[in-house]
Amino acid sequence: MSSYSELIKNFEKIRSYMREFYVYGFKSREEYNKKSARSYDDERRRMESWLGDHMSFVRTPEGKNVFISIDSRVSQHNPFYKALKAKSFTDGDITLHFILFDILHSPEVVLSLPEILEKIDEYLDGFASPMVFDESTVRKKLKEYMEQEIILGQKKGRKMLYHRAENIPLPEITDILNFYSEVAPCGVVGSFLLDKLEEKTDSFSFKHHYITSAMDSNVLAMLFKAMHKKCIVTVSNMSRRADEPRQNRIIPLRIFISVQNGRQHLLAYQPDFNVIKSFRIDYLSDVKIEEPTPRFDELRAELDQKQAHMWGVTVKTKRHEEECLEHIDFTVRVAENEEYIIRRLEREKRCGTVEKLDEHTYRFSADIYDTSEIIPWIRTFICRITELHFSNKAFETQFKKDIRAMYRMYGLEEVEA
Amino acid sequence: MIFNEIYSAYYNAVAKIITAVLDGKTDEREFNQIVCDHAFGESMLTVLPALKSEKWQLIRADMTTPLQHKPTMPLTLIQKQWLKAISLDPRIKLFGVELSGLEDVEPLFTPSDYYVYDRYSDGDPFEDEKYIKHFRTILFALKHKKNLKLEMVNRKGNAVYTRCVPQRLEYSEKDDKFRLVTTGCHFIRTVNIARITKCKIYNGDTVIPSAEPEVHLDTITLRVSEERNTLERCMLHFAHFEKRAEKVGDHYLLHIKFHRDDEPEMVIRVLSFGPTVEVLESEHFKNLIIAKLKSQKSCELL
């Protein structure tokens, strides 16, 4: 039986636990039935170790519910980045890492593998039971570091010589890292850089700040890499409608990020169905980059065009050369001193137009792929909606039914017998 | 790619310990403090014991090290690519720093690789010279603990002056705006950077109180149904608040703490869920929702 460690080998396992604890946080130990009780205990203990004060629990009749609660307006740095700094390693990995970089302490030190091996033995000489690193282990480690471009190799005849990469002299970038590590995609990379800095002053805090995307950094970085190379990927997709993940072969086109719900989607072309569709990034794992595709530019241009009619992440394929669009419009009344409503319409709309009908009446209209995506926004104007028309009549009826349900919910109308 | 031990908290802690040893330090309490500062809650049980027992052969039993140089590592490919990517962002100009040496590096992503689709369109003018100048003065004041003298236009369009102690710059990703959180002035606590017309370091003699006033938090309780995937949407939407959820029968209760200043925004955020989210508490917040609905009733939409 393996003993407990704070560190983890596989990030996917903890990724789902962290999301459950943070986003939901109402499940008891018994409800995590997909994994064993021991696994639950270990993952919970790890999260407590990484996140400390952010972990809380409540006792309910069903048992103890553990949850993560973070006011991201108070926390200046995303606490979930810690999980990405908990990769396990072997005793040999860490020993070799520090010794290799000490041997290759400057780019001017250029050595062959046998020379490096000899020096490693010298470093380990003074220990009671010195570790022994064989040639293949060290070569493998050097190759790994060459892929990360921290060690460079140069061929001299048949011999490979190794030296460390030149360091890029960075200016004072603490402020830049403090800011972008929180707001840029794959911000955890900025956090890795911050870890190396001595200066810790931080002038920033963040409002409306969603932090769950940290857990998807690895997937996101792979998708960016694939887009950059214009490659097809295969990816495992665990949709909420399916019990088992599905393998999808897709062409990734663009990442859609929401700053109002924290979700990230991949918009990708699915050749098997000849459609561009969205995939939730938190459901994706195991991204494998395959061959480049000549269709990337053409498909991305198609997505560019479609974006003019996307309220959220839904796109629909043309039928008979016609876009499958739904029309929506609604009218709001605006009283004296309520100019902020007009400003709200203008700044919050993602497509469509705002039209002044008279001094106190404004109409918003748009043609979009999916009416359901705009409904939550329209509801934010409840108290002033005077007219509303959807070409999708089912949604119009539902919208009005919902308003009536809210009247009843708060006692403004009688509940029907 | 990103999940790699070379970025791990343990490697960082060990690098710091080796540095301390090379500086001639031998105090174990100091090494344990390094572990506390750079790794996790239970790391003390692992890191120093692994070094001392020569499991990780970097420090000998006599607390010396065969290493001769303070540990450093060049930037990895992905670190360079990420820096290159952020150098393409328009907000980088605010910082007045040139990220040179990355000319031959391919960015990890470009602005056309991602799209923030629900950000408000009236964000701050990050490339406006005056705005940049004000931003840098504020950042300087924050870093060097200086007071500020500000002139700005308020919501009503009137010029307002204040002397204040800057506390922090708060950025909203939704609004795409920076606000300066200040103390020392009773009637101005938060200043939109874009509204500032003049911004100077204040070196005058007037003493400005710098204690940050108490933040007033309110709590609401929402009854969330599972209908139309509301539970997941609601939990994600309110994920950035301090909150607690519980299952009660066939529905869920969500308790959320929020800043009192954000009450109007919270009201419309709750309304956006329609009838699948009901406000149970507080009575005051519930009445705000009811007032909106009453007003809607008078619009005769139905």
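Visitor: Two strands count as paired once DSSP finds at least two bridges between them. On that footing, in what order do the four strands of the open sheet in chain A run?

Guide: This is a predicted model, to begin with. The order is β13-β14-β12-β15, and the pairing is antiparallel.

Visitor: Which strands stand at the edges?

Guide: β13 (353–358) and β15 (385–390) of chain A. Each has a single partner strand, so one side of each has no neighbour in the sheet.

Visitor: What does the twist average from one strand to the next?

Guide: It averages 15°.

Visitor: How many bridges join β12 and β14 of chain A?

Guide: Eight, in the antiparallel sense. The strands cover residues 326–333 and 361–368. A:Ile328 of β12 has A:Ala366 as its bridge partner in β14(A).

Visitor: Switching to the two chains. How many residues does each bring to the contact?

Guide: Chain A gives 119 residues and chain B gives 99. By class, the side of chain A that touches chain B has 63 nonpolar, 29 polar and 27 charged residues.

Visitor: Strands again, but across chains. In which sense do β6 of chain A and β3 of chain B pair?

Guide: Parallel, over four bridges. β6 spans residues 204–207 of chain A, and β3 spans 159–172 of chain B. A:Phe206 has B:Tyr171 as its bridge partner in β3(B).

Visitor: And helices? At what angle do α7 of chain A and α4 of chain B cross?

Guide: Roughly 110°, and their axes come within 9 Å. α7 is residues 188–195 of chain A; α4 is 77–87 of chain B. The angle falls in the 65 to 115 degree range, so α7(A) is roughly perpendicular to α4(B). The crossing is left-handed.

Visitor: Which residues make that contact?

Guide: From α7(A): A:Val189, A:Gly190, A:Phe192 and A:Leu193. From α4(B): B:Ile78, B:Gln79 and B:Trp82. By class, that gives five nonpolar, two polar and no charged residues.

Visitor: How many of the eight residues of α7(A) are buried?

Guide: Six, so α7(A) is largely enclosed by the rest of the structure. The buried residues are A:Val188, A:Val189, A:Gly190, A:Ser191, A:Phe192 and A:Leu193. Their cover includes α6 (174–183) and α8 (217–228) of chain A, together with α4 of chain B.

Visitor: Backbone oddities next. Which peptide bond is cis, with omega near 5°?

Guide: The one from B:Glu281 to B:Ser282. B:Ser282 sits in the loop between β10 (277–281) and α8 (283–297) of chain B. Most peptide bonds are trans, and most residues other than glycine have a negative phi.

Visitor: What is phi at A:Asp286?

Guide: About 55°, so positive, though A:Asp286 is not a glycine. A:Asp286 belongs to strand β11 (residues 284–292) of chain A. It has 14 C-beta neighbours inside 10 Å and counts as partly exposed.

Visitor: And B:Glu300, what is its phi?

Guide: Also positive, about 55°, and B:Glu300 is not a glycine. Its place is the segment after α8 of chain B. Is it buried or exposed? Exposed, because B:Glu300 has 8 C-beta neighbours inside 10 Å, and 12 or fewer is the cut-off.

Visitor: Last one. Where is A:Thr397?

Guide: In helix α12 (residues 393–409) of chain A. A:Thr397 has 11 C-beta neighbours inside 10 Å, so it counts as exposed.

Visitor: How far is A:Thr397 from A:Asp297 in space?

Guide: The two are 41 Å apart, C-alpha to C-alpha. In sequence they are 100 residues apart.

Conventions. Residues are numbered from 1 along each chain as its sequence is written. Chains are lettered from A and ligands numbered from 1 in the order in which they are written. This is a predicted model: local features need pLDDT of at least 70, side-chain atom pairs count only at pLDDT 80 or more; totals for chains, interfaces and linings use all residues. Helices (H or I, at least four residues) and strands (E, at least two) are DSSP runs, numbered from the N terminus. A residue is buried if 20 or more other C-beta atoms lie within 10 Å of its own, exposed if 12 or fewer, and partly exposed in between; C-beta atoms are placed from the backbone. Axes are lines fitted to C-alpha atoms, for helices over the stretch in contact, and angles run from 0 to 180 degrees between N-to-C directions. Angles under 35 degrees count as roughly parallel, over 145 as roughly antiparallel, 65 to 115 as roughly perpendicular and the rest as oblique. A crossing is left-handed if the near helix is turned anticlockwise from the far one by less than a right angle, and right-handed if clockwise. Two residues are in contact if their C-beta atoms, placed from the backbone, lie within 7 Å. Ala, Val, Leu, Ile, Met, Phe, Trp, Tyr, Cys and Pro count as nonpolar, Asp, Glu, Lys and Arg as charged, and the others, Gly among them, as polar.
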